[in-house]
Amino acid sequence: MNTGRTPRLTVIGTGYLGATHAVCMASLGFEVLGVDVDAGKIGKLASGQVPFFEPGLPELLAKTLETGRLRFTTSYAEAAEFGDVHFICVGTPQMPGSDACDISYVDAAVTALAPHLTRRALVVGKSTVPVGTAARLTHVVRELAPAGEEVELAWNPEFLREGYAVDDTLRPDRLVFGVASDRARDTLAAAFAPIIEAGTPVVTTDLATAELVKVAANSFLATKISYINAMAEVCEATGADVRDLATALAYDDRIGGRFLQPGLGFGGGCLPKDIRAFAHRAEEIGVGQAVSFLREVDAINRRRRSRTVDLVRELLGGRLDGRRIACLGAAFKPNSDDIRDAPALDVARTMHGLGAYVRVYDPAALDNARRAYPELRYGESAMDVARDADVVVLLTEWAEFRQIDPHAMAEVTAHRRIVDGRHALDAEAWRAAGWEYRALGRS
């Protein structure tokens with residue numbers, strides 16, 4: 001271990017999680033080496049380019065590169081020589097054809113690094129993995145590392161929100177340290193010293209609990225979102241208003257209003273695949289019944305997409321074929337260019353498949369959408385895609401969409417019909433401007 005008080009850090013995997021972690025830790029004063037097998041990605045980062053959309057990160061990258069504390073490499077040997085603490089930040093996607101988590105990238109990173117570890121070091125997993133992974137990798141590391149038991153493994157789950165990742169890294173609401181020794185705990189504390197000194201709570205626990213924290217948190221959040229969307233289904237059947245229902249529930253301190261937002265549901269690279277992988281892993285270890293409700297949480301979320309298409313169809317008199325539809329949004333959430341499992345694009349593709357003439361606009365995710373779904377048509381602004389539209393559909397709640405003047409948009413559309421898939425618009429203002437306004441769970 002480095003004889004100084006401040007450990008040197010490596011971050012293995014420079015995707016969304018890894019690049020953000022590397023930049024932010026360097027900004028706190030640590031010497032950081034980012035590692036990736038993708039030379040193109042490393043080259044971009046080293047030249048100051050962030051290969052994804054995240055507010056505030058490009059500016060912070062430029063500043064940290066100027067300090068000389070942040071560098072990037074493709075060499076695991078260089079990483080092992082440089083670092084005292086090695087953060088594993090690679091992706092854990094859903095396996096094709098299965099709900100299981102694909103941990104091959106985590107395994108590959110650990111097995112590539114470990115043979116170069118010739119002195120005391122701490123390998124720290126941040127990736128979201130099935131419970132039991134850390135215990136298995138502990139044995140792998142010690143078998144492959146020349147330093148043997150001088151190399152320990154810990155788990156430190158991430159809780160980043162896309163669009164707020166810099167703030168969530170520098171000012172997290174908690175740190176979770178999954179460790180097997182006091183030495184590992186103390187090393188992690190040194191690696192997060194500035195954040196801990198700022199008053200961030202630390203939960204120190206065992207490896208298995210640390211692995212579970214992330215999936216448990218995401219499962220709870222997904223359940224809350226799907227609950228209010230289940231209530232929206234009930235409201236649609238009874239003529240009740242889900243927005244008023246959510247407002248009333250939010251006043252209850254036991255429930256609270258955060259994420260009690262009805263609408264199109266969740267997407268992205270975390271919540272959908274994490275709850276599926278959690279349920280799959282629970283079944284593998286014999287406790288599937290305990291989290292069987294997550295299957296229905298997922299099903300409720302999926303139904304919101306088809307129900308949104310139904311709303312559009314109802315507005316158009318029962319048929320989509322040949323009708324012009326403007327889709328506002330492609331990213332799974334605002335302030336992001338992430339289109340993984342994006343409800344917006346799922347709805348757009350479904351309507352396209354049913355014969356509609358669909359045009360899509362998003363402030364940040366257009367390039368990603370074009371690459372992934374070239375069959376769709378795209379525009380350069382909200383007004384552009386709305387021109388001559390028979391119906392406008394709000395699918396991602398970007399601030400610029402919330403601020404659209406309904407009178408101005410009415411001047412370019414063929415008909416004043418709008419489906420608010422995110423309950424983001426002022427319904428009364430749009431109706432006052434002559435629009436036929438519809439939203440899930442509202443009459």
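This passage walks through the pockets, a helix, the cysteines and several loop residues of one predicted model.

Because the model is predicted, local features need a pLDDT of at least 70 and side-chain atom pairs count only at pLDDT 80 or more, while totals for chains, interfaces and linings use all residues. Residues are numbered from 1 along each chain as its sequence is written, and side-chain values use heavy atoms, with hydrogens and water left out.

Let's start with empty space. Rolling a probe the size of a water molecule over the atoms shows where empty space is left. The search here runs on a 1 Å grid over the protein atoms alone: a cavity is a set of points where a 1.4 Å probe fits but cannot get out, and a pocket is an open set with protein on both sides within 12 Å along at least five of seven lines. Lining residues have an atom within 4 Å of a point. Grid points are joined across faces, edges and corners, and a volume is the space filled by probe spheres set on the points.

The second largest pocket has a volume of about 1,300 Å³. Its lining is made up of 45 residues, and those nearest the centre are Gly15, Tyr16, Leu17, Gly91 and Arg340. At least two lining residues come from each of helix H1 (16–27), helix H5 (104–113), helix H12 (271–284) and helix H15 (366–372); helices (H or I, at least four residues) and strands (E, at least two) are DSSP runs, numbered from the N terminus. H5 supplies the largest share, four residues. By type, the lining of this pocket splits into 21 nonpolar, 12 polar and 12 charged residues, where Ala, Val, Leu, Ile, Met, Phe, Trp, Tyr, Cys and Pro count as nonpolar, Asp, Glu, Lys and Arg as charged, and the others, Gly among them, as polar.

As for cavities, the structure holds one of 30 Å³ or more. The largest cavity has about 30 Å³ of space, and around it sit Arg324, Ile325, Ala326, Tyr357, Arg359, Val385, Arg387 and Ala389. Strand S9 (324–328) and strand S10 (357–361) are the elements that give two or more residues to this lining, with S9 giving the most, three residues. Five of the lining residues are nonpolar, none polar and three charged.

Right beside S9 in sequence is Arg323, in the loop that runs from helix H13 (293–315) to that strand. Arg323 counts as buried because its relative accessibility is 16%; buried means under 20% relative accessible area, exposed over 50%, and partly exposed in between (1.4 Å probe, protein chains only). Setting aside neighbours within four places in sequence, Arg323 is in contact (heavy atoms within 4.5 Å) with Leu316, Ala356, Tyr357, Asp390 and Arg417.

Next up is helix H6 (residues 133–144). The expected span of a helix is 1.5 Å times one less than its number of residues, so the 12 residues of H6 should span 16 Å, and the end C-alpha atoms are indeed 16 Å apart. The buried residues of H6 are Thr133, Ala134, Leu137, Thr138, Val140 and Val141. An α-helix has 3.6 residues a turn, so residues three or four places apart point the same way. The buried residues of H6 pack against H5, strand S6 (151–155) and helix H10 (207–238).

What about the cysteines? A disulfide is a covalent bond between the sulfur atoms of two cysteines. Counting pairs of cysteine sulfur atoms within 2.5 Å, the structure holds zero disulfides. For Cys101, the closest cysteine sulfur is in Cys270, 11 Å away, which is too far for a bond. Cys101 is buried at 12% relative accessibility, and Cys235 is buried too, at 5%.

Some loop residues round things off. Pro55 sits between helix H2 (39–46) and helix H3 (57–67) and is partly exposed, at 35% relative accessibility. Pro55 and Tyr164 are 109 residues apart along the chain, yet their C-alpha atoms are separated by 7.3 Å. Beyond neighbours within four places, Pro55 is in contact with Gly163, Val166 and Asn335.

That last partner, Asn335, lies in the loop between S9 and helix H14 (343–353) and is partly exposed, at 27%. Most residues other than glycine have a negative phi. Asn335, however, has a positive phi of about 65°, and His423 has a positive phi near 50°. His423 is found between strand S13 (417–420) and helix H19 (427–432), and is buried with a relative accessible area of 3%.
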